[in-house]
Amino acid sequence: MAGCNREWFENISAWHDDEVTPEDAARIEAHLAGCGPCRRAVEVLGSVRRALVAKADGEVPRRLRDRAAAAAARSARSPRRGPWAITAALAAAAAAAALFVGSPGGGVGAAMADELVSHHVRGFARERPCDFESSDPGAVAGWLEGKLGYAVTVPAVSGARLLGARLCQIGETRTAALMYESGDKPLTVFVPPPGSDAATAARALAGRGVGCTQGPLGNAICARSVEQPVLAVAEVDVAALAPALGRR
């Protein structure tokens with residue numbers, strides 16, 4: 001993990017796009033040989049490019065489509081490592097991809113959607129995603145209330161296993177982030193404090209029950225308004241996440 005900071009992710013992205021000198025390429029490849037998290041970054045960059053190639057419409061310049069296809073082919077040769085095929089590199093790529101695949105709506109603006117996806121991605125990119133690890137909803141709720149100063153109801157998500165929780169900041173507000181594993185997919189459920197912008201957005205998207213929109217690269221962003229309003233992000237389609245979130 002040493003040296004794997006934001007600069008390294010930027011270096012890897014440039015290497016992935018053939019935008020580095022031969023000397024820098026050799027340095028980056030040497031680092032990749034001994035760094036699991038950065039190898040996962042390479043895999044994710046390839047996944048992002050492949051998604052862009054698949055989703056981009058005919059208005060996207062041919063030059064960009066060719067560049068994305070070439071980068072995706074390079075990453076296909078990188079071995080899959082680690083249980084979570086996501087890294088912090090995906091957050092920036094997803095924001096750019098929103099230009100091609102559409103923007104969220106229904107109460108969650110594009111800026112908030114990007115922020116939610118970014119927190120979700122960065123959380124699971126860490127070697128230990130949770131600040132507090134526990135599958136006990138009561139223990140997780142108690143830890144979050146002690147850290148944030150507001151009560152958090154930990155929802156039971158159908159088909160998902162609670163891993164624990166971490167703290168994040170949405171806009172200017174410290175917010176609870178609950179981490180789940182749903183099959184082989186990571187899932188983050190944000191529980192914003194009452195009266196916050198995120199809580200208002202969740203209520204607007206959810207309506208009287210559960211409401212969803214599609215985020216960058218097809219991420220499902222769903223909200224539930226019963227009990228406490230929550231916002232959930234996962235690498236599944238809306239049809240898969242909405243029923244799970246709707247179960248109480």
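This dialogue goes through the sheet, the salt bridges, a buried histidine and an aromatic pair of a predicted model.

Biologist: Let us start with the sheet. How many strands form the sheet, and in what order?

Modeller: The general idea comes before the case. Strands of a sheet pair through backbone hydrogen bonds, either parallel or antiparallel. In this predicted model, 7 strands make up an open sheet, and their order is β1-β2-β3-β4-β7-β6-β5. The pairing is antiparallel.

Biologist: Which are the edge strands?

Modeller: They are β1 (132-133) and β5 (210-214), and each of these pairs on one side only.

Biologist: Over how many bridges do β2 and β3 pair?

Modeller: Strand β2 covers residues 160-170 and strand β3 covers residues 173-182; they pair in the antiparallel sense over 10 bridges. As for individual positions, R161 stands opposite E181 in β3.

Biologist: Which helix packs on the sheet there, and which strands does the helix touch?

Modeller: Helix α7, residues 137-148, packs on the sheet and touches β1, β2 and β3. The direction of α7 makes about 10° with that of β2.

Biologist: Moving along the sheet, how is β3 joined to β4?

Modeller: β3 and β4 form a hairpin, with 2 residues between them. In the turn, G183 has a positive phi of about 65°. The two strands pair in the antiparallel sense over 7 bridges. One position to look at is Y180, whose bridge partner in β4 is L187.

Biologist: What lies on the other side of β4, and how many bridges join the two?

Modeller: There β4 runs antiparallel to strand β7 (residues 230-234), and 4 bridges join them. V189 has A232 as its bridge partner in β7.

Biologist: Is strand β4 mostly covered or mostly open?

Modeller: Begin with the general rule for a strand. In a regular strand the side chains alternate between the two faces of the sheet. Strand β4, residues 185-191, is mostly covered, and 6 of its 7 residues are buried.

Biologist: Now the charged side chains. How many salt bridges does the count come to?

Modeller: Side chains of opposite charge can pair when their charged atoms come close. Here the count comes to 3 salt bridges. Take R161 and E181 to begin with, since they have been named already: their side chains meet in a salt bridge at 2.5 Å, N to O. E181 lies in strand β3 and R161 in strand β2, so this pair ties together parts that are 20 residues apart in sequence. E181 is partly exposed at 22% relative accessibility, and R161 is partly exposed at 47%.

Biologist: And R27, with which residue does R27 form a salt bridge?

Modeller: The partner of R27 is D24, with the closest N and O atoms 3.6 Å apart. Both belong to helix α2 (residues 22-33); because they are 3 residues apart, about one helical turn separates them. R27 is partly exposed at 39% relative accessibility, and D24 is partly exposed with a relative accessible area of 30%.

Biologist: What about E133 and R128?

Modeller: The side chains of E133 and R128 meet in a salt bridge at 3.0 Å, N to O. E133 counts as partly exposed at 44% relative accessibility, while R128 counts as exposed at 55%.

Biologist: Turning to the histidine, is H119 buried or exposed, and why?

Modeller: H119 counts as buried because its relative accessibility is 8%, and the cut-off for buried is under 20%. The residue sits in helix α6 (residues 110-125). A polar atom of the H119 side chain lies 2.6 Å from the backbone oxygen of Q169. Leaving aside neighbours within four places in sequence, H119 is in contact with R166, C168, Q169, I170 and F190.

Biologist: Last, the aromatic rings. How many aromatic pairs does the count come to?

Modeller: A pair of aromatic rings is described by the distance of the centres and the angle of the planes. In this model the count comes to 1 aromatic pair. The rings are those of F132 and W143: their centres are 5.3 Å apart and their planes are at 10°, so the pair is stacked.

Biologist: Where do F132 and W143 lie?

Modeller: F132 lies in strand β1 and W143 in helix α7, so the pair ties together parts that are 11 residues apart in sequence. F132 is partly exposed at 23% relative accessibility, whereas W143 is buried, with a relative accessible area of 18%.

Methods. Residues are numbered from 1 along each chain as its sequence is written. This is a predicted model: local features need pLDDT of at least 70, side-chain atom pairs count only at pLDDT 80 or more; totals for chains, interfaces and linings use all residues. Side-chain values use heavy atoms; hydrogens and water are left out. Two strands pair if DSSP finds at least two bridges between them. Contact means heavy atoms within 4.5 Å. Axes are lines fitted to C-alpha atoms, for helices over the stretch in contact, and angles run from 0 to 180 degrees between N-to-C directions. A salt bridge is a side-chain nitrogen of Lys or Arg within 4 Å of a carboxyl oxygen of Asp or Glu. Buried means under 20% relative accessible area, exposed over 50%, partly exposed in between (1.4 Å probe, protein chains only). A polar contact is a pair of N or O atoms within 3.5 Å; within protein, one must be able to donate a hydrogen and the other to accept it, and residues adjacent in sequence count only if both atoms are side-chain atoms. Rings of Phe, Tyr and Trp (its six-membered ring) pair if their centres lie within 6.5 Å; planes under 30 degrees apart count as stacked, over 60 as edge-to-face and the rest as tilted.
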